[in-house]
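I opened this model to look up its ligand sites, its ring pairs and a few odd backbone spots. My entries follow in the order I made them.

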Amino acid sequence: MNIHESEKIAGILEDMGYSECSDEKDADIIVFNTCCIRDNAEKRALGNIGAVKHLKKENKNLIIAVVGCMTQQEGAGLTLREKYPYVDIVLGTNNLHELENCIVRLRNSKKKSVLIDTNDRPQVREGERVYRTSGTNAWLNIMYGCNNFCTYCIVPYVRGRERSRKMSNIMDEFKRLLDEGYKEITLLGQNVNSYGHDLDDGSSFAGLLSEISKIKGKHRVRFMTSHPKDLNREVIDIIAESPTICNNIHLPIQSGSDKILQLMNRHYTRDYYLETIDAIKAKIPDCGITTDIMVGFPYETEEDFQDTLDIVRRVKYSSAFTFVYSVRRGTKAALMPQIPPEVSKDRITRLIAEQNKITKELSGLYEGKVYEVLCEDKAPKKEGYVCGRTDSGRLVTFKGEDKLIGSFVNVKINKSQSASLFGDIVED
Ligand code: SAH
Ligand code: SF4
(Lines give C-alpha, C1' and ligand atoms only; values in the text may rest on other atoms or scores of the structure.)
(Ligands and ions follow the chains in the order given, each with its own letter.)
Protein backbone atom coordinates (compact mmCIF):
# COMPACT_ATOMS: atom_id res chain seq x y z
CA MET A 1 0.00 0.00 0.00
CA ASN A 2 2.75 2.44 0.96
CA ILE A 3 4.94 1.47 -1.99
CA HIS A 4 2.06 2.21 -4.32
CA GLU A 5 1.33 5.51 -2.60
CA SER A 6 4.99 6.45 -3.07
CA GLU A 7 4.57 5.63 -6.77
CA LYS A 8 1.71 8.14 -6.88
CA ILE A 9 3.86 10.79 -5.15
CA ALA A 10 6.62 10.10 -7.68
CA GLY A 11 3.99 10.42 -10.43
CA ILE A 12 3.11 13.95 -9.24
CA LEU A 13 6.80 14.88 -9.14
CA GLU A 14 7.51 13.39 -12.56
CA ASP A 15 4.64 15.43 -13.99
CA MET A 16 6.32 18.53 -12.57
CA GLY A 17 9.57 17.69 -14.36
CA TYR A 18 11.46 15.99 -11.53
CA SER A 19 13.26 12.72 -12.22
CA GLU A 20 14.49 9.97 -9.91
CA CYS A 21 18.04 10.17 -8.58
CA SER A 22 19.96 7.48 -6.75
CA ASP A 23 21.83 9.62 -4.21
CA GLU A 24 19.96 11.89 -1.80
CA LYS A 25 22.85 14.39 -2.02
CA ASP A 26 21.77 15.08 -5.62
CA ALA A 27 18.09 15.54 -4.75
CA ASP A 28 16.14 18.78 -5.26
CA ILE A 29 13.27 17.35 -3.26
CA ILE A 30 12.98 14.53 -0.71
CA VAL A 31 9.54 13.23 0.25
CA PHE A 32 9.19 10.95 3.28
CA ASN A 33 6.12 8.75 2.94
CA THR A 34 5.64 7.67 6.55
CA CYS A 35 3.92 4.73 8.23
CA CYS A 36 2.83 4.59 11.87
CA ILE A 37 1.44 1.06 12.11
CA ARG A 38 4.01 0.21 14.80
CA ASP A 39 6.27 2.30 17.00
CA ASN A 40 9.46 1.16 15.24
CA ALA A 41 8.10 2.30 11.83
CA GLU A 42 7.42 5.72 13.32
CA LYS A 43 10.84 5.92 15.02
CA ARG A 44 12.56 4.94 11.79
CA ALA A 45 10.68 7.63 9.85
CA LEU A 46 11.65 10.28 12.41
CA GLY A 47 15.27 9.04 12.38
CA ASN A 48 15.38 9.30 8.58
CA ILE A 49 13.88 12.80 8.62
CA GLY A 50 16.51 13.80 11.21
CA ALA A 51 19.28 12.37 9.04
CA VAL A 52 18.71 14.81 6.15
CA LYS A 53 19.07 18.01 8.19
CA HIS A 54 22.69 18.46 7.04
CA LEU A 55 21.64 18.22 3.36
CA LYS A 56 19.43 21.23 3.83
CA LYS A 57 22.43 23.17 5.16
CA GLU A 58 24.48 22.24 2.08
CA ASN A 59 21.65 22.96 -0.38
CA LYS A 60 19.36 25.80 0.69
CA ASN A 61 16.97 25.06 -2.20
CA LEU A 62 16.40 21.44 -1.19
CA ILE A 63 12.71 20.84 -0.47
CA ILE A 64 11.82 18.39 2.30
CA ALA A 65 8.28 17.06 2.58
CA VAL A 66 6.74 14.63 5.08
CA VAL A 67 3.51 12.88 4.09
CA GLY A 68 1.56 9.73 4.97
CA CYS A 69 -0.02 8.11 8.01
CA MET A 70 2.29 9.56 10.66
CA THR A 71 1.26 13.13 9.86
CA GLN A 72 -2.40 12.27 10.31
CA GLN A 73 -2.07 11.47 14.04
CA GLU A 74 -3.38 14.06 16.46
CA GLY A 75 -0.85 16.83 17.02
CA ALA A 76 1.69 15.33 14.59
CA GLY A 77 1.78 18.36 12.27
CA LEU A 78 2.67 20.67 15.14
CA THR A 79 5.31 18.30 16.54
CA LEU A 80 6.97 17.95 13.15
CA ARG A 81 7.04 21.72 12.72
CA GLU A 82 8.63 22.27 16.14
CA LYS A 83 11.14 19.40 16.15
CA TYR A 84 12.08 19.48 12.47
CA PRO A 85 11.81 23.17 11.46
CA TYR A 86 13.72 22.49 8.21
CA VAL A 87 10.78 20.41 6.90
CA ASP A 88 9.01 22.54 4.27
CA ILE A 89 5.82 20.62 3.58
CA VAL A 90 3.68 18.37 5.78
CA LEU A 91 0.68 16.70 4.14
CA GLY A 92 -1.94 14.39 5.62
CA THR A 93 -3.16 11.22 3.88
CA ASN A 94 -6.06 13.15 2.31
CA ASN A 95 -3.88 16.03 1.12
CA LEU A 96 -1.38 14.29 -1.16
CA HIS A 97 -2.93 15.80 -4.29
CA GLU A 98 -1.92 19.23 -2.92
CA LEU A 99 1.79 18.43 -3.13
CA GLU A 100 2.28 20.21 -6.44
CA ASN A 101 0.61 23.43 -5.20
CA CYS A 102 2.69 23.36 -2.02
CA ILE A 103 5.92 22.98 -3.99
CA VAL A 104 4.97 25.84 -6.33
CA ARG A 105 4.02 28.07 -3.37
CA LEU A 106 7.32 27.30 -1.66
CA ARG A 107 9.33 28.03 -4.79
CA ASN A 108 7.46 31.27 -5.54
CA SER A 109 6.94 32.79 -2.14
CA LYS A 110 9.01 30.66 0.30
CA LYS A 111 5.78 29.76 2.11
CA LYS A 112 5.83 26.46 4.01
CA SER A 113 2.69 24.30 4.22
CA VAL A 114 1.12 22.04 6.84
CA LEU A 115 -2.13 20.65 5.43
CA ILE A 116 -3.93 17.92 7.32
CA ASP A 117 -7.53 17.24 6.34
CA THR A 118 -9.24 15.20 9.06
CA ASN A 119 -12.37 14.34 7.04
CA ASP A 120 -12.74 10.58 7.44
CA ARG A 121 -14.63 10.12 4.14
CA PRO A 122 -12.65 12.10 1.60
CA GLN A 123 -13.55 11.81 -2.06
CA VAL A 124 -11.96 8.92 -4.00
CA ARG A 125 -9.58 10.41 -6.58
CA GLU A 126 -9.33 9.02 -10.09
CA GLY A 127 -6.82 9.52 -12.87
CA GLU A 128 -3.78 9.85 -10.60
CA ARG A 129 -0.43 9.75 -12.37
CA VAL A 130 1.66 6.81 -11.18
CA TYR A 131 5.42 6.42 -11.59
CA ARG A 132 5.62 2.63 -11.36
CA THR A 133 8.67 1.05 -9.80
CA SER A 134 7.65 -2.55 -9.29
CA GLY A 135 8.81 -4.21 -12.52
CA THR A 136 6.47 -6.88 -13.83
CA ASN A 137 3.89 -6.33 -11.07
CA ALA A 138 1.57 -3.34 -10.86
CA TRP A 139 -0.36 -2.37 -7.73
CA LEU A 140 -3.98 -1.33 -8.11
CA ASN A 141 -6.05 0.23 -5.31
CA ILE A 142 -9.62 -1.01 -5.32
CA MET A 143 -10.54 0.78 -2.09
CA TYR A 144 -9.16 3.00 0.64
CA GLY A 145 -9.57 3.19 4.44
CA CYS A 146 -10.98 0.70 6.93
CA ASN A 147 -14.12 0.34 9.05
CA ASN A 148 -13.00 -2.48 11.31
CA PHE A 149 -11.39 -0.76 14.28
CA CYS A 150 -9.37 -3.73 15.47
CA THR A 151 -8.49 -2.48 18.95
CA TYR A 152 -4.71 -2.43 18.35
CA CYS A 153 -4.79 -0.70 14.99
CA ILE A 154 -4.18 2.93 14.01
CA VAL A 155 -5.22 2.52 10.34
CA PRO A 156 -8.91 3.55 10.65
CA TYR A 157 -7.82 6.71 12.50
CA VAL A 158 -5.23 7.80 9.94
CA ARG A 159 -6.83 6.47 6.75
CA GLY A 160 -10.53 7.12 7.38
CA ARG A 161 -13.57 4.97 6.54
CA GLU A 162 -13.86 2.48 3.69
CA ARG A 163 -14.24 4.08 0.27
CA SER A 164 -14.46 1.82 -2.78
CA ARG A 165 -13.52 2.85 -6.29
CA LYS A 166 -16.19 2.38 -8.94
CA MET A 167 -15.86 -1.01 -10.63
CA SER A 168 -15.71 0.57 -14.12
CA ASN A 169 -12.71 2.70 -13.08
CA ILE A 170 -10.92 -0.33 -11.64
CA MET A 171 -11.61 -2.39 -14.77
CA ASP A 172 -10.35 0.43 -17.02
CA GLU A 173 -7.12 0.72 -15.03
CA PHE A 174 -6.72 -3.06 -14.98
CA LYS A 175 -6.99 -3.30 -18.79
CA ARG A 176 -4.69 -0.33 -19.27
CA LEU A 177 -2.02 -1.98 -17.10
CA LEU A 178 -2.22 -5.17 -19.16
CA ASP A 179 -1.92 -3.09 -22.35
CA GLU A 180 1.17 -1.45 -20.87
CA GLY A 181 2.71 -4.92 -20.49
CA TYR A 182 2.35 -5.68 -16.77
CA LYS A 183 2.11 -9.42 -16.24
CA GLU A 184 0.87 -9.38 -12.66
CA ILE A 185 -1.61 -7.05 -11.01
CA THR A 186 -2.12 -6.93 -7.25
CA LEU A 187 -5.44 -5.53 -6.04
CA LEU A 188 -5.02 -3.51 -2.86
CA GLY A 189 -7.30 -2.69 0.06
CA GLN A 190 -7.16 -2.97 3.86
CA ASN A 191 -10.04 -5.43 3.66
CA VAL A 192 -10.66 -6.27 0.01
CA ASN A 193 -13.58 -8.55 0.90
CA SER A 194 -15.72 -5.61 1.90
CA TYR A 195 -15.13 -3.92 -1.47
CA GLY A 196 -18.35 -2.30 -2.71
CA HIS A 197 -20.24 -2.27 0.62
CA ASP A 198 -20.19 1.54 0.54
CA LEU A 199 -21.38 1.80 -3.08
CA ASP A 200 -25.06 1.53 -3.80
CA ASP A 201 -24.73 -0.20 -7.17
CA GLY A 202 -24.51 -3.79 -5.92
CA SER A 203 -20.72 -4.05 -6.39
CA SER A 204 -18.94 -6.71 -4.36
CA PHE A 205 -15.46 -8.22 -4.23
CA ALA A 206 -16.76 -11.51 -5.65
CA GLY A 207 -18.38 -9.54 -8.50
CA LEU A 208 -15.18 -7.62 -9.17
CA LEU A 209 -13.01 -10.77 -9.13
CA SER A 210 -15.45 -12.52 -11.40
CA GLU A 211 -15.27 -9.65 -13.95
CA ILE A 212 -11.48 -9.64 -13.70
CA SER A 213 -11.31 -13.39 -14.19
CA LYS A 214 -13.17 -13.00 -17.52
CA ILE A 215 -10.26 -11.02 -18.99
CA LYS A 216 -8.39 -13.47 -21.17
CA GLY A 217 -4.63 -13.54 -21.60
CA LYS A 218 -1.46 -14.69 -19.90
CA HIS A 219 -1.26 -12.70 -16.69
CA ARG A 220 -1.68 -13.12 -12.94
CA VAL A 221 -3.88 -11.44 -10.38
CA ARG A 222 -3.20 -11.29 -6.64
CA PHE A 223 -5.00 -9.35 -3.93
CA MET A 224 -4.48 -8.29 -0.35
CA THR A 225 -5.62 -8.14 2.38
CA SER A 226 -8.52 -10.46 3.15
CA HIS A 227 -10.21 -10.25 6.53
CA PRO A 228 -11.15 -13.75 7.83
CA LYS A 229 -14.60 -12.55 8.91
CA ASP A 230 -15.44 -11.53 5.32
CA LEU A 231 -13.66 -13.99 3.01
CA ASN A 232 -16.65 -15.89 1.65
CA ARG A 233 -17.03 -19.18 -0.22
CA GLU A 234 -17.99 -17.39 -3.45
CA VAL A 235 -14.55 -15.75 -3.57
CA ILE A 236 -12.84 -19.10 -2.84
CA ASP A 237 -14.78 -20.68 -5.74
CA ILE A 238 -13.79 -17.91 -8.15
CA ILE A 239 -10.11 -18.32 -7.24
CA ALA A 240 -10.37 -22.09 -7.65
CA GLU A 241 -11.94 -21.79 -11.10
CA SER A 242 -9.96 -18.90 -12.56
CA PRO A 243 -6.65 -19.60 -14.31
CA THR A 244 -5.49 -16.01 -13.88
CA ILE A 245 -6.30 -15.43 -10.20
CA CYS A 246 -3.40 -16.85 -8.23
CA ASN A 247 -3.79 -19.67 -5.76
CA ASN A 248 -2.47 -17.47 -3.01
CA ILE A 249 -4.44 -16.00 -0.10
CA HIS A 250 -3.15 -13.72 2.63
CA LEU A 251 -5.44 -14.28 5.60
CA PRO A 252 -4.21 -12.61 8.79
CA ILE A 253 -5.10 -14.61 11.89
CA GLN A 254 -3.46 -12.24 14.44
CA SER A 255 -4.01 -14.69 17.33
CA GLY A 256 -5.14 -18.29 17.78
CA SER A 257 -6.94 -17.57 21.05
CA ASP A 258 -10.66 -16.79 21.05
CA LYS A 259 -10.23 -14.61 24.12
CA ILE A 260 -7.55 -12.48 22.43
CA LEU A 261 -9.45 -12.35 19.12
CA GLN A 262 -12.43 -10.96 20.99
CA LEU A 263 -10.30 -8.40 22.80
CA MET A 264 -8.86 -7.44 19.40
CA ASN A 265 -12.40 -6.94 17.98
CA ARG A 266 -11.65 -9.29 15.09
CA HIS A 267 -15.19 -10.75 14.80
CA TYR A 268 -14.22 -14.40 14.18
CA THR A 269 -13.29 -17.39 16.31
CA ARG A 270 -10.44 -19.83 15.79
CA ASP A 271 -12.95 -22.49 14.71
CA TYR A 272 -14.51 -20.19 12.13
CA TYR A 273 -11.03 -19.34 10.82
CA LEU A 274 -10.08 -23.03 10.62
CA GLU A 275 -13.32 -23.81 8.74
CA THR A 276 -12.39 -21.17 6.16
CA ILE A 277 -8.91 -22.69 5.85
CA ASP A 278 -10.46 -26.15 5.35
CA ALA A 279 -12.74 -24.73 2.64
CA ILE A 280 -9.73 -23.14 0.89
CA LYS A 281 -7.69 -26.35 1.05
CA ALA A 282 -10.61 -28.44 -0.21
CA LYS A 283 -11.21 -26.23 -3.24
CA ILE A 284 -7.61 -25.09 -3.92
CA PRO A 285 -5.29 -27.86 -2.70
CA ASP A 286 -2.06 -26.12 -3.76
CA CYS A 287 -3.04 -22.72 -2.32
CA GLY A 288 -0.22 -20.74 -0.72
CA ILE A 289 -1.72 -19.38 2.49
CA THR A 290 0.10 -16.59 4.29
CA THR A 291 -0.80 -14.64 7.40
CA ASP A 292 -0.03 -11.89 9.92
CA ILE A 293 0.40 -12.87 13.57
CA MET A 294 0.85 -10.69 16.61
CA VAL A 295 2.21 -11.71 20.02
CA GLY A 296 2.17 -9.85 23.31
CA PHE A 297 -1.30 -8.34 22.98
CA PRO A 298 -2.72 -7.21 26.37
CA TYR A 299 -3.93 -10.12 28.55
CA GLU A 300 -2.16 -12.74 26.35
CA THR A 301 -1.21 -15.67 28.61
CA GLU A 302 1.10 -18.58 27.80
CA GLU A 303 -2.03 -20.64 27.13
CA ASP A 304 -3.30 -18.05 24.60
CA PHE A 305 0.09 -18.09 22.95
CA GLN A 306 0.00 -21.90 22.77
CA ASP A 307 -3.32 -21.54 20.91
CA THR A 308 -1.52 -19.34 18.37
CA LEU A 309 1.26 -21.92 17.94
CA ASP A 310 -1.40 -24.58 17.53
CA ILE A 311 -3.06 -22.66 14.67
CA VAL A 312 0.32 -22.19 13.00
CA ARG A 313 0.93 -25.96 13.16
CA ARG A 314 -2.54 -26.81 11.87
CA VAL A 315 -2.74 -24.36 8.97
CA LYS A 316 0.89 -24.72 7.81
CA TYR A 317 1.29 -21.24 6.39
CA SER A 318 3.73 -20.91 3.52
CA SER A 319 4.99 -17.80 5.30
CA ALA A 320 3.92 -15.44 8.07
CA PHE A 321 4.57 -11.82 8.97
CA THR A 322 5.10 -11.89 12.71
CA PHE A 323 4.88 -8.84 14.97
CA VAL A 324 5.24 -7.89 18.59
CA TYR A 325 2.18 -5.88 19.62
CA SER A 326 3.01 -2.18 19.68
CA VAL A 327 0.94 0.35 21.65
CA ARG A 328 -0.71 2.93 19.35
CA ARG A 329 -1.94 6.10 21.01
CA GLY A 330 -5.69 6.65 20.64
CA THR A 331 -6.58 2.98 20.08
CA LYS A 332 -8.66 0.98 22.58
CA ALA A 333 -5.89 -1.50 23.33
CA ALA A 334 -3.60 1.34 24.43
CA LEU A 335 -5.78 1.61 27.55
CA MET A 336 -5.46 -2.09 28.40
CA PRO A 337 -2.75 -3.41 30.75
CA GLN A 338 0.41 -4.11 28.77
CA ILE A 339 2.45 -7.27 29.17
CA PRO A 340 6.23 -7.18 29.88
CA PRO A 341 8.42 -6.75 26.77
CA GLU A 342 10.64 -9.71 27.70
CA VAL A 343 7.59 -12.01 27.59
CA SER A 344 6.69 -10.75 24.12
CA LYS A 345 10.28 -11.15 22.98
CA ASP A 346 10.39 -14.75 24.15
CA ARG A 347 7.08 -15.50 22.40
CA ILE A 348 8.04 -13.94 19.07
CA THR A 349 11.29 -15.94 19.08
CA ARG A 350 9.38 -19.19 19.63
CA LEU A 351 6.75 -18.25 17.05
CA ILE A 352 9.35 -17.47 14.38
CA ALA A 353 11.16 -20.76 15.11
CA GLU A 354 7.90 -22.71 14.73
CA GLN A 355 7.00 -20.98 11.45
CA ASN A 356 10.53 -21.46 10.07
CA LYS A 357 10.23 -25.19 10.72
CA ILE A 358 6.97 -25.29 8.76
CA THR A 359 8.28 -23.12 5.92
CA LYS A 360 11.26 -25.47 5.60
CA GLU A 361 9.02 -28.55 5.61
CA LEU A 362 6.73 -27.06 2.93
CA SER A 363 9.71 -25.98 0.81
CA GLY A 364 10.90 -29.59 0.72
CA LEU A 365 7.58 -30.60 -0.89
CA TYR A 366 8.40 -28.46 -3.94
CA GLU A 367 11.60 -30.40 -4.70
CA GLY A 368 11.55 -32.49 -7.88
CA LYS A 369 8.38 -30.82 -9.21
CA VAL A 370 7.92 -28.39 -12.10
CA TYR A 371 6.20 -25.02 -11.56
CA GLU A 372 5.27 -22.17 -13.82
CA VAL A 373 7.19 -19.11 -12.65
CA LEU A 374 6.77 -15.48 -13.66
CA CYS A 375 10.33 -14.22 -13.95
CA GLU A 376 10.39 -10.92 -12.04
CA ASP A 377 13.93 -9.72 -11.56
CA LYS A 378 17.65 -10.42 -11.43
CA ALA A 379 18.51 -12.61 -8.46
CA PRO A 380 20.09 -10.48 -5.72
CA LYS A 381 23.89 -10.89 -5.59
CA LYS A 382 23.89 -13.86 -8.01
CA GLU A 383 25.30 -13.03 -11.44
CA GLY A 384 23.61 -14.95 -14.28
CA TYR A 385 20.58 -15.85 -12.17
CA VAL A 386 17.03 -14.50 -12.12
CA CYS A 387 14.09 -14.98 -9.77
CA GLY A 388 10.33 -15.10 -9.82
CA ARG A 389 7.29 -16.55 -8.12
CA THR A 390 5.14 -19.63 -8.45
CA ASP A 391 1.38 -19.16 -8.71
CA SER A 392 1.21 -19.89 -4.97
CA GLY A 393 3.60 -17.02 -4.26
CA ARG A 394 6.86 -18.87 -3.51
CA LEU A 395 10.10 -17.24 -4.62
CA VAL A 396 12.29 -19.33 -6.95
CA THR A 397 15.85 -18.55 -8.07
CA PHE A 398 17.16 -20.07 -11.30
CA LYS A 399 19.84 -19.64 -13.94
CA GLY A 400 18.72 -17.37 -16.75
CA GLU A 401 19.35 -14.20 -18.71
CA ASP A 402 17.83 -10.83 -17.87
CA LYS A 403 15.74 -10.96 -21.04
CA LEU A 404 13.54 -13.55 -19.32
CA ILE A 405 12.24 -10.88 -16.92
CA GLY A 406 8.52 -10.45 -17.59
CA SER A 407 8.01 -13.89 -19.11
CA PHE A 408 6.55 -17.15 -17.81
CA VAL A 409 8.91 -20.13 -17.66
CA ASN A 410 8.66 -23.67 -16.32
CA VAL A 411 11.16 -24.36 -13.58
CA LYS A 412 12.03 -27.69 -11.99
CA ILE A 413 12.83 -27.24 -8.31
CA ASN A 414 15.97 -29.14 -7.38
CA LYS A 415 16.87 -27.61 -4.02
CA SER A 416 15.16 -25.83 -1.16
CA GLN A 417 16.69 -23.86 1.67
CA SER A 418 14.26 -22.66 4.34
CA ALA A 419 12.02 -20.20 2.43
CA SER A 420 14.09 -20.20 -0.76
CA LEU A 421 13.60 -22.51 -3.73
CA PHE A 422 16.23 -23.12 -6.43
CA GLY A 423 15.69 -24.75 -9.80
CA ASP A 424 16.40 -24.98 -13.50
CA ILE A 425 14.31 -24.01 -16.50
CA VAL A 426 12.80 -26.98 -18.31
CA GLU A 427 11.33 -26.90 -21.80
CA ASP A 428 7.53 -27.36 -22.17
N1 SAH B 1 -5.80 -4.63 7.00
C2 SAH B 1 -4.94 -5.70 7.22
C3 SAH B 1 -3.66 -5.38 7.94
C4 SAH B 1 -3.08 -4.04 7.94
S5 SAH B 1 -1.75 -3.75 9.02
C6 SAH B 1 -5.67 -6.75 8.06
O7 SAH B 1 -6.61 -6.47 8.72
O8 SAH B 1 -5.22 -7.85 8.08
C9 SAH B 1 -0.69 -5.12 8.78
C10 SAH B 1 -0.46 -5.90 10.01
O11 SAH B 1 0.21 -5.13 10.98
C12 SAH B 1 -1.70 -6.40 10.74
O13 SAH B 1 -2.25 -7.53 10.16
C14 SAH B 1 -1.19 -6.67 12.13
O15 SAH B 1 -0.69 -7.98 12.25
C16 SAH B 1 -0.03 -5.69 12.25
N17 SAH B 1 -0.35 -4.62 13.19
C18 SAH B 1 -1.32 -3.69 13.10
N19 SAH B 1 -1.33 -2.90 14.19
C20 SAH B 1 -0.34 -3.34 14.99
C21 SAH B 1 0.17 -2.95 16.27
N22 SAH B 1 -0.38 -1.97 16.95
N23 SAH B 1 1.21 -3.65 16.78
C24 SAH B 1 1.78 -4.67 16.11
N25 SAH B 1 1.35 -5.08 14.92
C26 SAH B 1 0.30 -4.43 14.35
FE1 SF4 C 1 -6.26 -2.40 10.99
FE2 SF4 C 1 -8.08 -4.25 11.49
FE3 SF4 C 1 -8.50 -2.42 9.57
FE4 SF4 C 1 -6.66 -4.32 9.19
S5 SF4 C 1 -8.87 -4.64 9.44
S6 SF4 C 1 -6.44 -2.13 8.81
S7 SF4 C 1 -5.85 -4.60 11.25
S8 SF4 C 1 -8.35 -2.05 11.77
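**Ligand 1, polar contacts**

I started with S326 in this predicted model. One of its backbone N or O atoms lies 2.8 Å from a nitrogen atom of ligand 1. I then checked Y152, where a backbone N or O atom lies 3.0 Å from a nitrogen atom of the ligand. For R266 I looked at the side chain instead. An N or O atom there is 3.4 Å from an oxygen atom of ligand 1.

Next I asked how much of ligand 1 the protein covers. On its own the ligand has 540 Å² of accessible area, and the protein covers 90% of that. I also looked for elements that give two or more residues to the shell, and noted strand 11 (288–295) and strand 12 (319–324).

**Ligand 1, the shell**

I counted 15 residues around ligand 1. The closest are R38, Q190, Q254, D292 and S326. By class, I have seven nonpolar, four polar and four charged residues in this shell.

Where does ligand 1 lie with respect to domain 2 and domain 3? I found shell residues from domain 2 (134–246) and also from domain 3 (248–364). Ligand 1 therefore lies between the two domains.

**Ligand 2**

I listed the residues around ligand 2 next. They are C146, N148, F149, C150, Y152, C153, V155, P156, Q190, H227 and R266. I sorted this shell by class too: seven nonpolar, three polar and one charged.

I went back to my ligand 1 notes for names that recur. Y152 and R266 stand in the shell of ligand 2. Y152 also has the backbone contact to ligand 1, and R266 has the side-chain contact to ligand 1. Q190 is among the closest residues to ligand 1 and is listed around ligand 2 as well.

**Q254**

Q254 was on my list of closest residues to ligand 1, and I checked its backbone. Its phi is near 70°, a positive value in a residue other than glycine. I placed Q254 in the loop between strand 10 (248–250) and helix 10 (258–263). Is Q254 buried or exposed? Its relative accessibility is 7%, so I count it as buried.

**K110**

I found a positive phi at K110 too, about 60°, and K110 is not a glycine. This residue lies in the loop between helix 5 (99–109) and strand 4 (113–115). K110 has a relative accessible area of 66%, so I wrote it down as exposed.

**Cis peptide and N193**

I noted a cis peptide bond between M224 and T225, with omega about 10°. T225 sits in the loop between strand 9 (220–224) and helix 9 (233–241).

I then looked up N193. I found it in the loop between strand 8 (184–188) and helix 8 (205–213). N193 is buried, at 7% relative accessibility. Which side chain does N193 meet in a polar contact? The partner is S226, at 3.4 Å.

**Ring pairs**

I have seven aromatic pairs in total. For Y268 and Y273, the ring centres are 6.1 Å apart and the planes stand at 35°, so I class the pair as tilted. Both partners are below the 20% cut-off for buried. Y268 is buried at 7% relative accessibility, and Y273 is buried at 0%.

I looked at Y366 and Y371 next. Their ring centres are 4.9 Å apart with planes at 40°, so this pair is tilted as well. Are these two rings on buried or exposed residues? Y366 is buried at 12% relative accessibility, whereas Y371 is partly exposed at 22%.

I also found a cluster: ring pairs link Y152, F297 and Y325. Y152 thus turns up again, after its backbone contact to ligand 1.

**D39**

My last entry is D39, which lies in helix 2 (residues 39–50). D39 is partly exposed, with a relative accessible area of 31%. How far is the C-alpha atom of D39 from that of K25? I have 28 Å between them, for residues 14 apart along the chain.

Conventions. Residues are numbered from 1 along each chain as its sequence is written. Chains are lettered from A and ligands numbered from 1 in the order in which they are written. This is a predicted model: local features need pLDDT of at least 70, side-chain atom pairs count only at pLDDT 80 or more; totals for chains, interfaces and linings use all residues. Side-chain values use heavy atoms; hydrogens and water are left out. A residue is near a molecule or strand if one of its heavy atoms lies within 4 Å of it. A polar contact is a pair of N or O atoms within 3.5 Å; within protein, one must be able to donate a hydrogen and the other to accept it, and residues adjacent in sequence count only if both atoms are side-chain atoms. Accessible areas come from the Shrake-Rupley method with a 1.4 Å probe; for residues, only the protein chains shown count as cover. Helices (H or I, at least four residues) and strands (E, at least two) are DSSP runs, numbered from the N terminus. Ala, Val, Leu, Ile, Met, Phe, Trp, Tyr, Cys and Pro count as nonpolar, Asp, Glu, Lys and Arg as charged, and the others, Gly among them, as polar. Domain bounds come from an automatic or database domain assignment. Rings of Phe, Tyr and Trp (its six-membered ring) pair if their centres lie within 6.5 Å; planes under 30 degrees apart count as stacked, over 60 as edge-to-face and the rest as tilted. Buried means under 20% relative accessible area, exposed over 50%, partly exposed in between (1.4 Å probe, protein chains only).
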